[in-house]
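Trainee: I would like to take a close look at a single part of this protein, the pockets and what lines them, and I would be glad if you could lead me there step by step.

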Amino acid sequence: MAKKKAAPKTNAARILDNLKIDYELMEYPVDEEDLSAVHVAASVGLPVDMVFKTLVIRADKDVIMCCIPGAAEVDLKKLAAISGHKRCELVPLKEVLGLTGYIRGGCSPLGAKKPYPVFIHQSVNEHEKVTVSAGKRGAQLVLAPADLVKATNAVVGDVIH
């Protein structure tokens, strides 16, 4: 694993502090040309299946968040079924900041403007630790899957192709 540097605290990290959940805050260099989770995984020296990206989804008229392994694609039909909705679609990028307070490449399932329901792919439980965005580009939270599920009050299930 890459050497971890202490990054400035984010709202997501403060939430974990308040919940007394152990985590590491890891910084990495941001590449504005490649904000993908695959690139983040390479930057932090972790397998891409341990780096979970957060997607913002419109489920019928609700907004939900979905965390999936970095190289995976969300299955919107599976997500609709598990979330109890008829239809799901990705929120257009131009709406993500207004809904969450986060920008592309820095969207965390913790600390959004509103506490949206979170759905996490079941492969999260295959790892001792996983990472999600800390809420800003260049910072990742490393924590135990059970702690991520607890902190986000997530539903875990099969939500990828």
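Trainee: Before we turn to the pockets, what percentage of the 161 residues in the chain do buried residues make up?

Mentor: Buried residues make up 50% of the 161 residues in the chain, and please keep in mind throughout that we are looking at a predicted model. The chain holds five helices and eight strands, and read from the N terminus these elements follow the order α-β-α-β-β-α-β-α-β-β-β-α-β. Its radius of gyration is 14 Å, which agrees with the value near 15 Å that a compact globule of 161 residues would have, and the C-alpha trace spans about 45 × 30 × 30 Å along its principal axes. If we take the contacts in the chain with a separation of 6 or more, 61% of them are between residues 24 or more positions apart.

Now to the pockets themselves. Rolling a probe the size of a water molecule over the atoms shows where empty space is left. The largest pocket contains about 550 Å³ of space, and among the 29 residues that line it, K53, T54, L55, R104 and G105 are the closest to its centre. Several elements take part in this lining, since helix 2 (37–44), strand 2 (52–59), helix 4 (93–100) and strand 6 (130–133) each supply at least two residues, while strand 2 gives the most, with five residues. Sorted by class, the lining of the largest pocket consists of 17 nonpolar, eight polar and four charged residues.

The second largest pocket has a volume of about 150 Å³, and its lining is made of I15, M65, P109, L110, G111, A112, K114, P115, Y116, V118, A151 and T152. These residues divide into nine nonpolar, two polar and one charged.

One of the lining residues, T152, deserves a longer look. T152 belongs to helix 5, which covers residues 145–152, and T152 counts as buried because its relative accessibility is 9%, where buried means under 20%. Leaving aside residues up to four places away in sequence, T152 touches P109, L110, V118 and I120, and P109, L110 and V118 also appear in the lining of the second largest pocket. The side chain of T152 also reaches the backbone oxygen of V149, at 3.4 Å.

Just beyond this helix we come to N153, placed in the loop between helix 5 and strand 8 (155–157). N153 counts as exposed, with a relative accessibility of 67%, and its phi is near 55 degrees, a positive value in a residue other than glycine. A positive phi of about 55 degrees is also found at D60, again not a glycine, and D60 is placed in the loop between strand 2 and strand 3 (62–69). With 35% relative accessibility, D60 counts as partly exposed.

For another buried threonine, we can turn to T10, which sits in the segment before helix 1 (11–18) and has a relative accessible area of 8%. A polar atom of the T10 side chain lies 2.6 Å from the backbone oxygen of A134, and when residues up to four places away in sequence are not counted, T10 touches A134 and K136.

Definitions and conventions: Residues are numbered from 1 along each chain as its sequence is written. This is a predicted model: local features need pLDDT of at least 70, side-chain atom pairs count only at pLDDT 80 or more; totals for chains, interfaces and linings use all residues. Side-chain values use heavy atoms; hydrogens and water are left out. On a 1 Å grid over the protein atoms alone, a cavity is a set of points where a 1.4 Å probe fits but cannot get out, and a pocket is an open set with protein on both sides within 12 Å along at least five of seven lines; lining residues have an atom within 4 Å of a point. Grid points are joined across faces, edges and corners, and a volume is the space filled by probe spheres set on the points. Helices (H or I, at least four residues) and strands (E, at least two) are DSSP runs, numbered from the N terminus. Ala, Val, Leu, Ile, Met, Phe, Trp, Tyr, Cys and Pro count as nonpolar, Asp, Glu, Lys and Arg as charged, and the others, Gly among them, as polar. Buried means under 20% relative accessible area, exposed over 50%, partly exposed in between (1.4 Å probe, protein chains only). A polar contact is a pair of N or O atoms within 3.5 Å; within protein, one must be able to donate a hydrogen and the other to accept it, and residues adjacent in sequence count only if both atoms are side-chain atoms. Contact means heavy atoms within 4.5 Å. The radius of gyration is taken over C-alpha atoms; the globule rule is 2.2 Å times the number of residues to the power 0.38.
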